[in-house]
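Here is a walk through one protein model, from a single residue out to its cores, helix packing and charged pairs. Keep the coordinates open as you read.

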Amino acid sequence: MLCACSGEQFKFEEPPQSPESLATRDFSASGLSSRTTGDWDLGSKFDDIQVDEAESTLKEALSLNYEEARALLGRLEFQRGNYDAALQVFQGIDIRNLTPRMAKAIVERIRHRKPRVKGDSYVILNVMSLHSVSLLTEAILLKARSLGELGRFREAAKECKVILDTVELALPNGMPGEIGEDCKLQEMFHKALELLPILWTKAGYLEEVITAYRRALIKPWNLDPERLAGVQKSLACTLLYCGVEATLPPQLQVWGPTTPRNNTEEAILLLLILMKKVALKQIKWDPEVMDHLSYALSVTGQFELLANHFEQAIPGLYGRAKRWYLLALCYSACGQNEEALNLLKKVAGCSEARNKPHFLSFLLGAKLCSLATAHAHEGIEFTRKAIDLVSDQCEHFMGQAHRFLGVCYSSAARASISDSERTVFQRESLNSLNHAAFNGKGDPDVMFSLGLENAVQRNLDAAFSHTMKYSDMVAGSSVKGWKLLALVVSAEQRFNDAEAIVDFALDEAGRRDQLELLRLKAVLQVAQEHPKQAIETYRMLLASVQAQRNSKANNLEQGKTFDPEAILDRNLEKEAWRDLAGIYTKLNLWPDAEICINKAKLIEFYSPQSWHRTGVLFEGQSKLKEALISFSVSLSIEPDYVPSIVSTAEVLMKLGTGSLPVARSFLVNALRLEPTNHEAWLNLGQLSKMEGSLQQAAEFFQAAYELQLSAPVQSFV
């Protein structure tokens with residue numbers, strides 16, 4: 001049977017061997033396979049004749065019409081890599097006029113598609129066969145690929161889009177399963193679905209890329225699971241990294257309020273679907289899917305959800321150490337450092353002793369321990385294991401490990417109760433940080449840590465020098481650098497200069513940092529005995545916190561389980577109310593001081609600082625018993641809270657000589673916890689004077705005076 005593509009009727013000179021068109025036969029890259037090959041070689045003839053002569057030969061040899069002959073000839077030229085020649089051949093096909101007939105043929109052929117009876121030569125006149133449609137579809141696809149090979153990506157995408165438009169016009173509800181596997185239409189269409197977004201990407205039309213991927217997913221096109229997963233993954237990647245916001249069109253917003261509102265949410269939805277398919281073993285495990293999901297959930301702050309997916313990963317995909325490390329990263333990111341440390345301790349435990357040490361787990365453990373004084377000694381162990389594993393060639397990791405070691409030694413020194421041990425830890429801290437500075441040349445974090453440690457040890461000249469180097473490294477863009485510099489200058493009793501530094505930093509800081517700097521400015525104003533200015537600064541701070549709270553109350557995204565910024569705001573507000581209470585107490589404005597203390601307690605009732613302020617208020621009113629009770633409550637909440645220990649000793653000294661031994665024990669304990677506390681040394685000198693030990697009292701007063709000369713207005717750490 002001859003092809004009915006052109007609508008003409010043909011007579012058979014002999015009974016057909018197949019009810020299908022000769023044009024539907026398969027043609028290999030090396031030549032044509034047909035009944036009429038005879039003794040002529042088509043492959044060699046194409047090397048010697050022009051396109052028109054080759055087309056005529058094909059039509060005569062295989063009884064093909066004009067379009068089919070060009071489709072076959074173009075295919076051969078494409079397979080040989082002659083893209084210019086292939087494009088020249090394909091351009092002779094009138095695709096615009098053929099596509100409506102192709103769409104009609106798809107509709108009619110699928111509608112009348114039934115199992116054939118042997119010998120049946122029934123032909124639907126004026127309608128192409130599906131194999132002819134497949135051949136022409138392939139020609140359009142190869143034309144698009146030829147244009148792509150020649151760098152004409154926009155034209156290639158438009159040609160490829162013709163295939164999708166034609167098939168979607170014929171099959172508006174998707175590809176039916178009964179289209180069969182004996183024709184190539186479905187395969188050609190699937191290739192076009194995958195090729196179109198690639199061409200748009202190379203052409204630089206990212207919105208068209210997203211539209212093309214969505215078009216491939218919104219209808220059932222009989223894509224196999226792996227192929228469908230590939231399209232979903234590609235769309236998710238494009239949404240995450242393309243940099244173009246492409247919201248869903250109205251016709252696709254079918255989920256109501258749960259419809260993805262932006263690229264990231266849509267990408268997360270696609271990646272979660274892929275993870276579910278992996279769990280159900282519908283597709284193979286692809287580590288890139290988890291990588292993209294990790295990125296998407298991280299940028300949206302959904303670390304707990306990410307941790308759940310790591311926990312639900314099929315056993316064997318991750319080793320135990322790596323799984324614990326990834327979970328620790330998630331928990332630390334959402335503020336659950338204790339849970340993260342517990343997981344990292346498993347990596348360093350006996351159960352993993354026979355396995356290869358996981359260096360990154362040790363380094364992360366050291367970092368988390370450096371953030372909490374209580375875990376300082378564990379941090380030292382983590383860091384030593386990391387240093388033993390890192391090679392000398394890896395200067396960055398070596399520098400980071402020594403930095404964490406120095407910070408952990410510093411924390412251990414502050415927590416130490418032995419003077420000799422504290423001295424050793426302080427020396428090791430500086431040695432480790434200097435080693436880190438040597439390995440991590442140009443690392444601003446190391447320089448900041450050096451400045452901070454020297455400040456804590458009251459090496460103010462070295463602290464100032466390192467802090468200035470840190471500011472130069474970050475080009476003055478770090479607020480914590482300006483804050484440390486202001487504290488170092490205040491420790492030199494240059495309060496005006498410190499306030500000028502804070503004012504300069506306020507101009508450069510964002511909202512979050514501005515609040516901390518406003519509090520520091522107010523404390524500096526109090527140190528300069530400018531209470532009215534300090535009260536006005538605190539008013540500005542509290543007004544800013546309240547405005548931010550009102551803004552978030554009207555925000556629908558306030559349902560987050562973990563909002564670190566809100567927690568920091570509440571802590572700053574609480575500290576501001578306590579500082580105001582201290583100012584009003586010094587001014588003997590007792591009702592105002594009490595109001596401020598109650599405001600702080602409303603935010604956190606069981607706070608040692610708030611109860612300490614309550615005790616100071618009672619002590620200022622000469623209510624010594626009430627003050628002693630308040631200090632006792634503060635110490636019951638935090639037994640090592642040094643200001644309450646010192647204040648308790650002060651009250652006991654005022655109660656009479658019978659309480660002096662108890663007061664001395666409190667002061668000695670305070671100095672054991674914080675040897676640089678000048679108020680403790682001052683009270684110890686007064687106590688010694690009351691007991692008649694004048695020489696000892698003079699030494700204590702001298703120590704208090706020297707420490708006060710190097711005391712910052714706020715603690716360095």
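Start with Glu266, which sits in helix H11. The model is a predicted one. Is Glu266 buried or exposed? Its relative accessibility is 8%, so Glu266 counts as buried, the cut-off being under 20%. What does Glu266 touch, once residues up to four places away in sequence are set aside? The list is Arg214, Leu235, Leu239, Ala246, Leu248 and Pro260.

Now widen the view to the nonpolar interior. In soluble globular proteins, nonpolar side chains tend to be buried together. Here the largest nonpolar core holds 114 residues. Within this core, Ile106, Phe189 and Phe310 have the most contacts. Which helix gives the core its largest share? Helix H6, residues 130-149, supplies 10 residues. There is also a second core, separate from the largest one, with 52 residues. Among its members are Met447, Phe448, Ile501 and Leu515.

Go back to Phe189 for a closer look. Neighbours within four places in sequence are again left aside. Phe189 is then in contact with Ile163, Leu164, Val167, Met175 and Trp221.

Next comes a helix pair. Helix H28 spans residues 608-620, and helix H29 spans residues 624-637. Their axes come within 8 Å and cross at roughly 170 degrees. An angle over 145 degrees counts as roughly antiparallel, so that is how H28 and H29 run relative to each other. Which residues make the contact? On H28 they are Pro608, Trp611, His612, Thr614, Gly615, Val616, Phe618 and Glu619. On H29 they are Leu624, Glu626, Ala627, Ser630, Phe631, Val633, Ser634 and Ile637. Sorted by class, the contact of H28 with H29 has 9 nonpolar, 5 polar and 2 charged residues.

Charged pairs come next. How many salt bridges are there? The count comes to 28. Three of these pairs are worth a visit.

Take Lys161 and Asp165. Their side chains form a salt bridge, with an N to O distance of 3.2 Å. Both residues belong to helix H7, residues 153-170. They are 4 residues apart, about one turn of the helix. Lys161 has 32% relative accessibility and counts as partly exposed. Asp165, also at 32%, counts as partly exposed too.

Asp286 and Lys233 make a salt bridge at 2.8 Å, N to O. Asp286 lies in the loop between helix H11 (263-279) and helix H12 (287-299), while Lys233 lies in helix H10 (residues 225-241), so the pair ties together parts that are 53 residues apart in sequence. How accessible are the two partners? Asp286 is partly exposed at 22% relative accessibility. Lys233, at 17%, counts as buried.

The third pair is Lys483 with Glu516. Their closest N and O atoms are 3.9 Å apart. Lys483 is in helix H22, residues 479-491, and Glu516 is in helix H24, residues 511-527. This salt bridge links distant parts of the chain, 33 residues apart. Lys483 is partly exposed, with a relative accessible area of 24%. Glu516 is partly exposed as well, with 30%.

Finally, which residues do shared partners join into one network? Salt bridges connect Lys161, Asp165, Glu168, Arg215 and Lys219 in this way. The helix H7 pair, Lys161 and Asp165, thus reappears inside that network.

Definitions and conventions:
Residues numbered from 1 in each chain as written. Predicted model: local features only at pLDDT ≥ 70, side-chain atom pairs only at ≥ 80, totals over all residues. Heavy atoms only, no water. Salt bridge = Lys/Arg side-chain N within 4 Å of Asp/Glu carboxyl O. Helix = DSSP H or I, 4+ residues; strand = E, 2+ residues; numbered from the N terminus. Buried < 20%, exposed > 50% of the residue type's maximum accessible area, 1.4 Å probe, protein only. Axes fitted to C-alpha atoms, helices over the stretch in contact; angles between N-to-C directions. Parallel < 35°, antiparallel > 145°, perpendicular 65-115°, else oblique. Contact = heavy atoms within 4.5 Å. Nonpolar A, V, L, I, M, F, W, Y, C, P; charged D, E, K, R; others polar. Core = buried A, V, L, I, M, F, W, Y, C linked by side-chain atoms within 4.5 Å.
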